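Morning, everyone. I'll take you through one model, from the overall fold down to its sheets. Please have the viewer open.

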Amino acid sequence: YILPDARRWRLDYIRHVAEALGDHPAVYALMLEDGPSGGANASFERWKTVTAELEGRIESDNLTGDGYQYAVKKWQMEQYADYTQELVTVIKKARSRLKTTICFQLDGLFPTESLVHYQNTAQHLDFVMIDSGPKWIGDAKQRQSLPSFAASVASGLVDKPIWFLVGSHVENTRYRPELRDLRDWTRQVALQGITGIGWRGWDGGSWKEPHQVRGAPLAETRPEYWKTMLALSRDISDTDPVEKSFATHVCLLTYDGFINRLAMDDIFVVNETLRAAGIAPLSYVSDTQLLAKKGLQKRKVLYISPCPAVSGPVIDQMRLFMESGGWIIASGDDGALDEQMLPSETRSQMFGIEDEEPMLHDDRILLGVSIGQLSEGASLPSAWFRSRLTTLRDDVRILGRWGDGSPAITLTGHGKGGVLYVGTDLYRSAAQADTDWTLFLEAGSDTDTLKELAGGAS
């Protein structure tokens, strides 16, 4: 779509389609693309035919190799959003009543492997379609809650009607959904405020035939499925969409992280842990919104993990959020790097960590204070990115220590709010069996508890 001749052809074609079909009473909307990649499948050499202006601009910025890749990919993602806006403008001029949509798959919502900025692209559409398959790979537990997670992210980032394709995340796998799965997945997405649901209308074949595009009609091969799907579709269409309650607690999604290849699974485990801790309603805000000074109004708590790479302007907005009374929950390697993958001052300036060293063995964290239902001396396991905080600023309060006595959990005030930091991957640690991290998160997400802890002596 980025090549001038191909772009003109596409615009002419979509104008012709809109003019030819736009007045037909059976045509509600045009789906501009199904599973967009934003041109991620094109070689870098092909991209370079249209990036001369960009090359000249970023060559003078003295970027690192990673910084160069970041600048290029960010520009590429902007191009797909601009192209979508141009398509919509052409359609609306031809037939203003026609709706527009794109069906985003998971690599559009979490663009580690694609060049699609979901939030910026979706703002130009009338409604959004979400297909959670077939590229997802996960375990049985994740399989059951993936629809809720995907619908929550999709609806949290854009204020648009959402249509959701139910059950597609188990296509071409050996798992055969039961009727209760169909009902549960529909209920999950309905609670996230979606306005329509969709299904595959055919039997896609067995798990060993991944390239089969179409099989026999589902109404013939699995009539009990078809009957259940029709009933669920009718229930959704006859019921007003659920109005999601305003979420005072939000998770950060960093497009800077995605550009630097942050995995979707790292975000999924945060969602699952917070859900287990009873943090609801829960929504999402992106670093794009923070840069536009949006998304944090009336919020109380911002969970920033996983946030290993974050730019200075985003950190500035986090600091303003805390100074006005907001609280941040951070852990692991959050804030370790900037968008160019260079060491960042974030951990020093925001967390108060002046020096630290990695721990290369397993250890447990002992609480030095009582937090919620957890008493002083409670022992918590750790997982991944264990950091011994050897030197802290004087204004940092220590809430927990490693077995050798070095700080592991800290609380640092900023204005009317502050940041709670855990020196290990909090959410991977909580995913281990028989841990009290969910109780810790439940108490640590309460702003009154955080204020009380911030008032204590170090």
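Helices (H or I, at least four residues) and strands (E, at least two) are DSSP runs here, numbered from the N terminus. On that basis, the protein has 18 helices and 16 strands. Its radius of gyration, taken over C-alpha atoms, is 24 Å, close to the 23 Å that the globule rule (2.2 Å times the number of residues to the power 0.38) gives for 458 residues, so the protein is as compact as a globular protein of that length.

Two ground rules. This is a predicted model: local features need pLDDT of at least 70, side-chain atom pairs count only at pLDDT 80 or more, and totals for chains, interfaces and linings use all residues. Residues are numbered from 1 along each chain as its sequence is written, and side-chain values use heavy atoms, with hydrogens and water left out.

Now the overall numbers. The C-alpha trace spans about 70 × 60 × 40 Å along its principal axes. Of the 458 residues, 53% are buried, meaning under 20% relative accessible area with a 1.4 Å probe, protein chains only. Take contacts (heavy atoms within 4.5 Å) between residues at least 6 apart in sequence: 74% of them join residues at least 24 apart.

Next, the sheets. Two strands count as paired if DSSP finds at least two bridges between them. One open sheet has 5 strands, ordered β1-β2-β3-β4-β5, with parallel pairing. Its edge strands are β1 (29-34) and β5 (196-198), and each pairs on one side only. Neighbouring strands are turned by 25° against each other on average, direction ignored.

Look inside that sheet. β2 (99-105) and β3 pair over 3 bridges. β3 (128-131) and β4 (162-165) pair over 4 bridges. Which residues does D131 bridge? On the β2 side, Q105; in β4, L165. I130 stands opposite F164 in β4.

The other open sheet I want to show has 9 strands, in the order β7-β6-β8-β9-β16-β15-β14-β11-β12, with mixed pairing. β7 (282-286) and β12 (379-380) are at the edges with a single partner strand each, so one side of each has no neighbour in the sheet. β6 (249-253) and β8 (301-303) run parallel over 3 bridges, with V250 bridged to L302.

Helix α14 (312-323) packs on this sheet, touching β6, β8, β9, β15 and β16. Its direction makes about 130° with that of β9; angles run from 0 to 180 degrees between N-to-C directions, with axes fitted to C-alpha atoms, for helices over the stretch in contact. Helix α18 (447-454) lies across β8, β9, β14, β15 and β16, at about 80° to β9.

Technical notes
Buried means under 20% relative accessible area, exposed over 50%, partly exposed in between (1.4 Å probe, protein chains only).
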